Amino acid sequence: MTIQPPSRRQVSSSAPATLILLHLLAGAAGAAPPLVGVSPQDEAYFAPAVIACRDGSGSFPKRRLNDGYCDCSDGTDEPGTSACPDGRFYCRNAGDTPRLLFSSVVNDKICDCCDGSDEYESGIRCPNTCRNINDVRKDDDVGINRKGVMKDDGVGMNIKDVAEDDHHDRKRTLDIEDLIQKLKGLKMAVVIEIGLVICTFAVCFARRRTRTRRRHYILKR
C-alpha cells in the first residue's frame, strides 16, 4: 500500500494561514503587553471590547490598546508606550509608592520606575530599587520608640545627652551670631566716631587757616 504525497493544492492553501499566523505573532511581539502602564484601579475601564477615550474624542477596540499607535488625543489607548505625547504610564512599584509618569519616557533607556517596569522593551535591565513601605515604617517606629542607648562605632551614646548637646550647640551658635552683630555695631560706631574726629579736625584747621590769612591781610594794609 502506497501513501500518496500531499497535493500542491493542499500545501498552497495552508501557506496563507501560516503567513497570517506569523504576522499576528510579529505584531504581538512588537506591541506592549495589554495592561502595561495601567493602574489597578483602571483595569476595569480597559476591560470592555471597545474602550472610550477619556477625553470623549472617540473610542478604540481593545486589541489596539498599547499597539504603538496613538488613537486618542489624550493618550488613553497608549499608557504603556511612548506613542502619545499626553499619555500617562503607571509604575506599580510593588511595596513602594506608585508613580505616574509621562509615557514619553517609556523605553527611553532611563530607569524611572523603581521596579524598572517602564523599560520593559528598551533592552536595558533596571534593578529593582523599591523599598517596602512596611519595612520603612518599622524602621521609623524603631527610631521613634528607641529610648535606650544608640551605638555608633562601638561607643554608647544616650539620646538625652545627644539632645542636650544639640541644644547647647544651637545656643552657642546663637551666641556667636549675637556677638558678630554686636561687633558689627561696634565697628560702625568706631567708624562714625573717627569720621566725627576727622570732621572736627578739618573744621578747626580751616578756621585757623582763615584767621592766619586775615592777620596777613591786616598787616599788609
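**Exercise 1. Find the residues that make the nonpolar surface patch of about 570 Å².**

Step 1: Start with what counts as a patch: its residues have over 30% relative accessible area and no salt bridge, and nonpolar side chains (Val, Leu, Ile, Met, Phe, Trp, Tyr) are joined within 5 Å, like charges within 9 Å. Areas here come from the Shrake-Rupley method with a 1.4 Å probe, and for residues only the protein chains shown count as cover.

Step 2: Now pick out the members: Leu-179, Leu-183, Leu-186, Val-190, Ile-194 and Ile-198.

Step 3: Place one of them: Leu-179 sits in helix α3. Helices (H or I, at least four residues) and strands (E, at least two) are DSSP runs, numbered from the N terminus.

A word on the ground rules: this is a predicted model, where local features need pLDDT of at least 70 and side-chain atom pairs count only at pLDDT 80 or more, while totals for chains, interfaces and linings use all residues. Residues are numbered from 1 along each chain as its sequence is written, and side-chain values use heavy atoms, with hydrogens and water left out.

**Exercise 2. Look up the "transmembrane region" and describe its fold.**

Step 1: UniProt, in an unreviewed entry, puts this feature at residues 188-206. Its positions are given in the numbering used here, feature names are shortened, and annotations may be inferred rather than shown by experiment.

Step 2: Check the span in the model: residues 188-206 are 100% helix and 0% strand, and the end C-alpha atoms lie 27 Å apart.

**Exercise 3. Name the arginines of the positive surface patch, and place Arg-211.**

Step 1: Lys and Arg count as positive and Asp and Glu as negative, with His and the chain ends not counted. A charge is placed at NZ of Lys, CZ of Arg, CG of Asp or CD of Glu.

Step 2: The patch is formed by Arg-207, Arg-211, Arg-214 and Arg-215.

Step 3: Arg-211 belongs to helix α3 (residues 159-220). With a relative accessible area of 57%, Arg-211 is exposed (buried means under 20%, exposed over 50%, partly exposed in between, with a 1.4 Å probe and protein chains only).

**Exercise 4. Track down the three salt bridges.**

Step 1: Look for a side-chain nitrogen of Lys or Arg within 4 Å of a carboxyl oxygen of Asp or Glu.

Step 2: Asp-42 pairs up with Arg-54 at 3.3 Å, N to O. Asp-42 lies in the loop between α1 (8-30) and β1 (50-52) and Arg-54 in the loop between β1 and β2 (59-61), so this pair ties together parts twelve residues apart in sequence. Asp-42 is partly exposed at 27%, and so is Arg-54 at 45%.

Step 3: Next come Arg-92 and Glu-43, with their closest N and O atoms 2.8 Å apart. This pair links distant parts of the chain, 49 residues apart: Arg-92 is in the loop between β3 (88-91) and β4 (99-102), Glu-43 in the loop between α1 and β1.

Step 4: Finish with Asp-71 and Arg-64, whose closest N and O atoms are 2.6 Å apart. Asp-71 is partly exposed at 29%, as is Arg-64 at 33%.

**Exercise 5. Decide whether Asn-66 and Asn-107 are buried or partly exposed.**

Step 1: Asn-66 is found in the loop between β2 and β3, and its phi is near 55°, a positive value in a residue other than glycine. At 0% relative accessibility, Asn-66 is buried.

Step 2: Asn-107 also has a positive phi, near 55°, and lies in the loop between β4 and α2 (133-145). At 25% relative accessibility, Asn-107 counts as partly exposed.
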